[in-house]
Amino acid sequence: MSDSSIQQLTRSTSNGLSLDNLVAGEKYKAAPDWVVEKLAAFDVKTDAQLGNVSGSKVYKESAPTSKADNGKTVSDMRGVDYYSSEWDLLLDQIDYSNAQLTELMFYDQYTVRALDSIGLGTSKSLDGPQGLTITTNFGANDLSTCAWPTEPVLAASFSPELAYEYGVELGQEALTIGCYGWYAPGLNIHRTAFSGRNFEYYSEDAVLSGKMAARVISGASDQGLSCYMKHFAMNDNDSNRANICVWANEQTMRENYLRSFEIAVKEARATVDYISDSEGNHGTKVIRGATALMTSYNYVGATFSSGHYGLITETLRGEWGFQGAIISDMTGGAASRRDQMLRAGNDMCLWIMQINAEDTTSPSAQWAMREAVHHIAYMVANSSNMQGVAPGEVVSYGMSPWAIGLLIANIVVYACIVAMAVLTVLRILDAKKHPENYKA
């Protein structure tokens, strides 16, 4: 189990939870009991690490303040330090009984959902990493964006300057179509030449990968594009990746498979322009450019990555100082999985339908949701979604007056066409029935 090489722990195909064996080359052996126990469904009531148990890492006895009338909106927070006490005034306004909150946490399919209590509007994201991958419901077409070179091609240039310009141009392209989040760049490793998605990842070298990604993120985030670097972590095999358990010792993980993410988190920078006073004067602030991240399908050890407190909260946020929002990769599964994700520090769930956590009412759950809103709001506040928005204003999207007028005109024209067609058919039928009425 402590061997430095990565091993795969496959789950039983019969129930998707219990383990049949440990696969390491051609050798098979029974999985240890603790591994089987770890792969059992998360129990929010009894889990010693993240459950509603005194002494757990997220346990809270009293609920956070809610529904406060502080008059704050997300637009007030642009350029505000991540650790500033001003955030408490905004977060105290959260209404934990509002269905918008669970939509924000558990139904984020390429969209950050609105949360009216803090003035958070919706914002759309697109997949990557070879440019912006247009989806059918986005409102643009394939000709709206460019196809960009793959990440190995960019890495082969060994040019941080070129990587920065790559990010700038892509960020500007996102502005033209109203895209505020990009599910990229990919920061996993070319563990072999035959991995399924090597075209999405820079290199077999973690340092080169991290350095190039940091510059791409810096360029894109300077344009206000939130870059969800992915897939955190150990997603270096694409076959059966939703069911695989990946094993490595700590040195191997830190030197090879986490290093690229660490470099990007620590080195990417963005310059944020914000309205600094009531006179409309502008100020600028340099912040960390990496404000978004996507976790992976796979399990790290016997804990699925989106619910791994050690990776997400202790390492990514605690050690590296990551400031921003985290979304899962496409994640179905039981409601209990949402509880584990939220408490581990994974703020949003990417899935095709909404599956709420089992517990959204306990003090521990509400404090976890509060932290998630903080992370999401910080990301959005410093994105192009809030660029040029006056403090106190709320961004919303609706149909422009000219578009409404055009729609009404179209309806009238089509109604007239249909009416004329109906009258024509009725006249023809009546002429056949009463030809004498139509003689000259």
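Start with the whole chain in cartoon view: its secondary structure comes to 12 helices and 14 strands, where helices (H or I, at least four residues) and strands (E, at least two) are DSSP runs numbered from the N terminus. What you have open is a predicted model, so local features need pLDDT of at least 70, side-chain atom pairs count only at pLDDT 80 or more, and totals for chains, interfaces and linings use all residues. Residues are numbered from 1 along each chain as its sequence is written, and side-chain values use heavy atoms, with hydrogens and water left out.

Zoom out for the overall dimensions. Along the principal axes, the C-alpha atoms fill a box of roughly 100 × 60 × 50 Å. Colour by accessibility and 52% of the 440 residues count as buried (under 20% relative accessible area; exposed is over 50%, partly exposed in between, with a 1.4 Å probe and protein chains only). Turn on contacts, meaning heavy atoms within 4.5 Å: among those between residues at least 6 apart in sequence, 67% join residues at least 24 apart.

**The cores**

Next, select W182, M229 and F232. These have the most contacts inside the largest nonpolar core, a set of 56 residues. A nonpolar core here is a set of buried Ala, Val, Leu, Ile, Met, Phe, Trp, Tyr and Cys residues joined through side-chain atoms within 4.5 Å. At least two residues each come from α4 (151-156), α5 (160-177), α6 (206-222), β7 (226-232), β8 (244-247), α7 (250-257), α8 (259-267) and α9. The biggest giver is α6, with 8 residues. Apart from this core lies another, of 45 residues, including I287, M369, V373 and V395.

Now centre on M229 and show its surroundings. Leaving out residues up to four places away in sequence, M229 touches A184, P185, L187, I217, F261, A264, V265, A290, A292, L293, M294 and F322.

**Around α6**

Keep α6 on screen and add α5. Their axes come within 6 Å and cross at roughly 35°; the axes are lines fitted to C-alpha atoms, for helices over the stretch in contact, and angles run from 0 to 180 degrees between N-to-C directions. The crossing is right-handed, that is, the near helix is turned clockwise from the far one by less than a right angle, while anticlockwise would make it left-handed. On the α5 side, pick P160, A163, Y164, Y166, G167, V168 and G171; on the α6 side, M212, R215, V216, S218, G219, A220 and D222. This contact divides into 8 nonpolar, 4 polar and 2 charged residues, with Ala, Val, Leu, Ile, Met, Phe, Trp, Tyr, Cys and Pro as nonpolar, Asp, Glu, Lys and Arg as charged, and the others, Gly among them, as polar.

Swap α5 for α8. The angle between α6 and α8 is about 35°, with axes 7 Å apart, and this crossing is right-handed. Here A206, V207, S209, G210, K211, A213, A214, I217 and S218 of α6 meet R259, S260, I263, A264 and E267 of α8.

Then move to α9, residues 309-319, and colour its buried residues: Y309, G310, L311, I312, T315, L316 and R317. Just past α9, G321 takes a positive phi of about 75°.

**Backbone oddities**

Where are the cis peptide bonds to look at? One joins G128 and P129, with omega about 5°; P129 sits in the loop between β5 (123-127) and α4. Another runs from F232 to A233, with omega near 5°, and A233 is in the loop between β7 and β8.

Stay in the β7–β8 loop for N240, which has a positive phi of about 55° without being a glycine and is partly exposed at 44%. F158, in the loop between α4 and α5, is another non-glycine with a positive phi, about 50°; F158 is exposed, at 60%.

**Cysteines and two loop residues**

How many disulfides does a search of the whole structure find? It finds 0, taking a disulfide as a pair of cysteine sulfur atoms within 2.5 Å. For C146, the nearest cysteine sulfur, in C179, is 14 Å away. Select C245, which is buried at 0%; its sulfur is 19 Å from the closest cysteine sulfur, in C349, too far for a bond.

Finish in the loops. D95, between α2 (86-91) and α3 (99-106), is buried at 17% and contacts K67, L101 and S117, leaving aside neighbours within four places in sequence. S362 lies between α10 (335-344) and α11 (363-381) and is buried at 14%. Draw a C-alpha to C-alpha distance from S362 to K433: 75 Å in space, for 71 residues in sequence.
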